[in-house]
Amino acid sequence: MIMDFELKTLTRARLCTEKCDALIVLMPENPAPSDDALSQLAASAIKSGDFETKPGKLLCSYRVTGLSATRLVLVGCGDGSARNVRTAAVAAMNTLKNSNAKRVVLSLCNLNNLSSDVVCTALVACGDAAYSYVTTKSKPAPFKLEKLLLAVPDLAKVKPGFDKGRALVKGIELAKEWANRPSNYATPVMLAGAAKALAKLPNIKADILGPKEVDKLGMGSFMAVAQGSAEPLRFMVLHYTGAAKAEAPIVLIGKGITFDTGGISIKPAGDMDEMKFDMCGAASVLGVFRTLADLKPAINVIGLIPACENMPDGRAIKPSDVVTSMSGQTIEILNTDAEGRLVLCDALTYAERFKPRAVVDIATLTGACVVALGAVRSGLFSSNDGLAKALLDAGESSLDLCWRMPLDDEYAEGLKTNFADVANVAGRAGGAVTAAKFLQRFAARFAWAHLDIAGTAWKSGAAKGATGRPVALLVDYLLSQADNSKVSAVRKRARPA
Ligand code: BES
Ligand code: MN
Ligand code: ZN
């Protein structure tokens with residue numbers, strides 16, 4: 001699973017003599033002409049109709065004369081854009097899944113003007129395809145792949161993309177791994193263990209709060225969700241310090257419901273197992289910190305994770321119960337299955353103490369968001385246009401897309417109640433938006449955005465498993481902000497005293 005990555009400058013002619021178990025060659029529709037054996041082979045396969053350069057089209061061969069590689073995989077990558085390179089890399093890697101290939105070379109040598117970003121994309125795609133979940137299998141059959149060598153025409157030009165890609169693979173892998181673990185292997189206490197493990201890395205610190213501390217803070221809403229479970233809650237506070245201590249941090253908040261039964265408003269049995277993924281927001285925050293530890297950008301980041309189970313029980317919250325949040329606002333719980341917003345609202349209030357530049361919460365919050373946007377784009381909600389644009393742009397640059405949704409005040413009408421300051425659900429209509437409107441009440445004191453990843457964080461069906469989204473989006477967002485803060489630091493110094 002963890003692959004050893006290497007970057008190497010190779011000419012197309014040299015590729016033929018590179019010893020490896022498999023050689024993957026990405027073929028664009030307009031390669032620069034060359035008389036090396038591989039280019040000739042590809043040209044004749046195209047001519048005979050056995051190969052196409054459309055993204056993801058494959059031609060696999062074994063022990064080709066004149067080639068030192070055991071297996072050869074030609075794969076089309078269309079115009080060589082990041083998107084098409086991703087499609088190509090995933091398709092090619094998947095052909096090796098049940099093979100014994102250990103040492104693989106992936107050649108990007110035929111791509112014209114190969115950019116650093118495309119190298120990063122290729123690496124992330126390979127890491128993604130090479131991950132396999134083995135933790136709770138008695139006879140694990142992981143991917144045999146040990147080493148991936150990326151062959152490029154000019155190492156120096158693409159080295160930053162290579163380093164970023166390698167760091168992203170580690171973060172995305174960590175996010176997927178924790179998200180995939182069953183709820184009895186990923187309890188709030190175990191998740192807190194993962195946060196503690198991250199704190200061993202450079203520039204990262206972790207404070208873990210338990211029920212007593214959370215009670216003292218007055219997080220009545222978060223505690224109410226946890227009270228039906230035998231597993232004790234945890235509240236994790238991660239610190240990544242990459243800039244001066246005085247620099248205001250960006251806060252990431254990840255929903256960490258390690259299992260969501262719905263509580264007394266219990267969910268139907270079909271597909272309920274997928275509610276082990278209700279901590280994908282939390283897992284994405286852990287993944288981001290793993291990547292930050294390697295990339296060391298000049299920025300400060302706080303990660304907050306409220307983690308607990310949502311269970312039915314003699315002590316569990318009941319519809320009509322009113323709880324008092326840390327903000328002082330009282331909440332009438334009309335549906336115990338709308339628990340995500342109940343844990344997030346207290347984390348939002350806790351975030352105020354950091355005087356943050358921005359706060360982004362990440363949550364598998366609503367089935368309604370799956371209906372609205374499916375599995376392609378995450379839902380983005382923000383009252384701050386600058387923050388919304390930065391996140392949308394990060395989604396595009398990382399190919400981890402999101403789509404902005406509305407926050408008109410009229411959507412909050414349904415949250416009114418006669419028995420508390422606010423109810424935790426409105427009607428069925430616009431469910432993803434009304435959930436965001438609930439959160440917005442607790443985010444008035446800073447620039448805030450909310451990512452609803454209910455449709456994007458995991459796949460159902462035969463390919464059931466976590467996607468690692470939106471780690472890549474969040475990392476690109478943070479990197480974009482780190483650049484800005486460097487500029488502002490330089491400007492500050494340049495200003496006369
Ligand atoms: N974790 C779920 C949201 C969810 C459901 C994500 C299905 C992905 C697939 C969340 O806690 C929830 O149950 N939300 C309710 C809210 C409703 C009661 C207002 C929902 O979406 O049904
Ligand atoms: Mn729920
Ligand atoms: Zn939930």
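This tour moves through a predicted model, stop by stop, with a selection to make at each one.

**Stop 1: a pair of helices**

Select residues 82-95, which form helix α3, together with residues 116-130, which form helix α4. The two helices pack at an angle of about 30 degrees, and their axes are 8 Å apart. The angle makes α3 roughly parallel to α4, since angles under 35 degrees count as roughly parallel. The crossing in which α3 passes α4 is right-handed.

**Stop 2: the largest cavity**

Keep α4 displayed and add α5 (155-180); each of these helices supplies at least two residues of the lining of the largest cavity. Which residues should be selected to outline the largest cavity? They are Val 124, Gly 127, Asp 128, Tyr 131, Val 169, Ile 172, Glu 173 and Lys 176. The largest share of this lining, 4 residues, comes from α5. The space in the largest cavity is about 50 Å³. When coloured by class, its lining shows 4 nonpolar, 1 polar and 3 charged residues.

**Stop 3: the second largest cavity**

The count of cavities of 30 Å³ or more comes to 2, and the second largest has a volume of about 30 Å³. To display its lining, select Ala 175, Ala 179, Cys 280, Ala 283, Ser 284, Ala 457, Ala 466, Gly 468 and Arg 469. Helices α5 and α9 (280-295) each contribute at least two residues here, and the largest share, 3 residues, belongs to α9. The lining of the second largest cavity divides into 6 nonpolar, 2 polar and 1 charged residue.

**Stop 4: a cis peptide bond**

Arg 469, one of the residues lining the second largest cavity, leads to the next selection. The peptide bond from Arg 469 to Pro 470 is cis, and its omega is near 0 degrees. Pro 470 itself sits in the loop between β20 (465-466) and α14 (471-494).

**Stop 5: the second largest pocket**

Centre the view on Lys 267, Leu 365, Thr 366, Gly 367 and Ala 368, which lie nearest the centre of the second largest pocket among its 31 lining residues. The volume of this pocket is about 830 Å³. Helices α10 (340-351), α11 (367-373) and α13 each supply at least two lining residues. Which helix gives the most to this lining? It is α11, with 4 residues. By class, the pocket lining holds 11 nonpolar, 11 polar and 9 charged residues.

**Stop 6: helix α13**

From the pocket, extend the selection to residues 431-440, the whole of helix α13. Is this helix mostly covered or mostly uncovered? Helix α13 is mostly covered, as 10 of its 10 residues are buried. Among the buried residues are Val 433, Phe 438 and Leu 439, and also Thr 434, Lys 437 and Gln 440.

**Stop 7: two loop residues with positive phi**

Select Lys 355 in the loop between α10 and β14 (358-363). Its phi is near 40 degrees, a positive value in a residue other than glycine. Lys 355 is exposed because its relative accessible area is 68%, and the cut-off for exposed is over 50%.

Finish at Asn 203, which is placed in the loop between α6 (188-198) and β7 (204-209). Asn 203, also a residue other than glycine, has a positive phi near 70 degrees. With a relative accessibility of 38%, Asn 203 counts as partly exposed.

Technical notes: Residues numbered from 1 in each chain as written. Chains lettered and ligands numbered in written order. Predicted model: local features only at pLDDT ≥ 70, side-chain atom pairs only at ≥ 80, totals over all residues. Heavy atoms only, no water. Buried < 20%, exposed > 50% of the residue type's maximum accessible area, 1.4 Å probe, protein only. 1 Å grid on protein atoms, 1.4 Å probe; cavity = no way out; pocket = protein on both sides within 12 Å on 5 of 7 lines; lining within 4 Å. Points joined across faces, edges and corners; volume = space filled by probe spheres on them. Nonpolar A, V, L, I, M, F, W, Y, C, P; charged D, E, K, R; others polar. Axes fitted to C-alpha atoms, helices over the stretch in contact; angles between N-to-C directions. Parallel < 35°, antiparallel > 145°, perpendicular 65-115°, else oblique. Left-handed = near helix turned anticlockwise from the far one by under 90°.
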